[in-house]
Every structure is written in C-alpha cells, then in structure tokens.
Amino acid sequence: MASRKGNPVHGWVSLDKPEGLSSSRAVGIVRRVFAAAKAGPGGTLDPLASGILPIALGEATKTVSFAMQGAKTYSFTLSFGVQTTTDDREGSVVATSDARPAADDITAILPCFTGRIQQRPPIFSAIKIDGARAYDIARKAVADGLDTLPELAPRPVEVERLELQDMTEDSASFFVACGKGTYIRSLARDIAIALGSAGHVSRLRRLSVGPFSEVDAISLAFL
C-alpha cells in the first residue's frame with residue numbers, strides 16, 4: 001500500500017491496465033490522478049499482461065483482501081515450440097519442441113487441468129521463500145550463472161472452466177475461470193508439456209476479478 005499526504009479519497013477504481021505497465025506503476029498513476037492519501041492494488045498483473053486491475057483508495061484498502069479472494073477470468077494465448085524461464089515471452093529459452101498438437105488433442109486433455117489441481121508456480125513470481133521473493137532468488141541464480149533455476153513446490157489451485165477458443169499453426173487461445181493463486185503462465189507451460197510439446201504465454205488478458213469486470217473498467221488514457 002502507498003500511504004502519503006493527500007486527499008481522503010475512498011473507493012475503488014477498476015483500471016484496464018495496458019500491456020507494458022507494472023501494477024505498482026499503475027497504482028502510482030491512479031493515486032496521483034486522485035491525489036489520494038492511500039492506494040493499493042487488489043491483486044497484481046504482470047507487466048506483459050493487460051486487463052482488469054482493481055485499485056483501492058483510502059478506506060477501501062481495508063477491503064483489498066476480500067477482493068483478492070474473488071474468482072478471476074482470463075483469456076490467454078499459448079505459443080508452442082519454446083519454453084522459457086519465466087513461462088512467458090520475456091524469459092530465456094530452456095526447451096524447444098517441433099511438436100504442434102491438433103485441436104482434438106488439446107480438447108482431450110483440458111479436463112486434466114480443470115477442477116482442483118496441483119500446480120507449480122513460476123520461479124519468476126512474487127511468492128515468498130524464507131522471506132525473499134521468488135523472482136529475486138531466480139534473478140540471483142541467473143546472475144550467478146547457474147545452469148538450472150530453483151523450482152517452487154506444487155500447490156493446489158482451482159480451475160473452474162478451461163476452454164479452447166481459437167488456434168493457429170503455432171498457438172492456441174483459451175478462456176479460463178479460476179480461483180486465487182492460479183498462475184496462467186504455469187497452466188500454459190503444463191498444457192504444452194502434457195501435449196508433448198513446449199510452450200509459453202505470449203498474450204495474457206485478465207477479464208475480471210471478483211465483482212470487477214471489463215464492463216466497468218476505465219482506461220489509462222481516460223485517467
């Protein structure tokens with residue numbers, strides 16, 4: 001939470017965060033626009049992701065934990081052929097594959113990733129390990145020239161719906177509805193591996209968080 005001198009502005013802003021902007025930067029912009037004394041995000045989005053980022057102002061920051069418990073929906077594109085350290089297009093290549101699954105193959109395995117499943121979060125994530133952020137541990141491993149990065153332990157997550165929406169020769173696009181703690185980057189990575197290929201998230205958009213959706217969102221340009 002950012003708490004500084006400012007106006008006693010209270011409420012929520014449902015921001016449609018553009019790609020390329022960090023969540024903390026987005027919170028700072030909203031706080032300055034409203035000259036608010038306090039602001040905080042209802043969850044975070046990777047800089048490469050776009051979509052709904054709820055931002056609490058003033059007294060609303062006391063309800064952030066409730067907003068973060070809400071279900072989330074996303075659309076994402078899984079690009080086949082390359083797996084990366086970050087499980088998105090920014091990371092270094094760790095595996096490649098010439099395998100390109102057919103739509104029927106993809107549809108057939110989706111039930112394996114629906115319901116309560118075990119998921120290994122990306123090492124480049126904000127999860128804390130002995131007080132340190134996982135991404136800081138990963139960056140140090142890269143800086144130290146380690147051949148392999150540490151891995152996080154699998155954890156249970158809930159995926160309510162997972163649907164194939166579109167396909168090209170080298171990619172597949174999905175809709176997913178999931179609970180707290182689900183990493184779409186991990187989901188994409190694991191789907192590709194289960195299909196005998198390699199893959200990463202090349203596009204990610206959050207469509208809703210709890211009661212906040214695209215219907216109510218405002219753009220950064222509007223702000």
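This report describes the largest pocket and the largest cavity of a predicted model.

Residues are numbered from 1 along each chain as its sequence is written, and side-chain values use heavy atoms, without hydrogens and water. Local features need pLDDT of at least 70 and side-chain atom pairs pLDDT 80 or more, while totals for chains, interfaces and linings use all residues.

On a 1 Å grid over the protein atoms alone, a cavity is a set of points where a 1.4 Å probe fits but cannot get out; a pocket is an open set with protein on both sides within 12 Å along at least five of seven lines; lining residues have an atom within 4 Å of a point. Points are joined across faces, edges and corners, and a volume is the space filled by probe spheres set on them.

The largest pocket holds about 1,300 Å³. Of its 35 lining residues, Thr44, Leu45, Asp46, Ala126 and Tyr183 lie nearest the centre. Elements giving two or more residues to this lining include α1 (23-34), α5 (184-194) and β13 (199-209). The largest share, 3 residues, comes from β11. Helices (H or I, at least four residues) and strands (E, at least two) are DSSP runs, numbered from the N terminus.

The whole structure has 1 cavity of 30 Å³ or more. Its volume is about 60 Å³. Among its lining residues are Asp46, Asp88, Arg89 and Arg185, and β13 gives the largest share, 4 residues.

The table gives lining classes (nonpolar: Ala, Val, Leu, Ile, Met, Phe, Trp, Tyr, Cys, Pro; charged: Asp, Glu, Lys, Arg; polar: the others, Gly among them).

| Space | Nonpolar | Polar | Charged |
|---|---|---|---|
| Largest pocket | 16 residues | 9 residues | 10 residues |
| Largest cavity | 4 residues | 1 residue | 5 residues |
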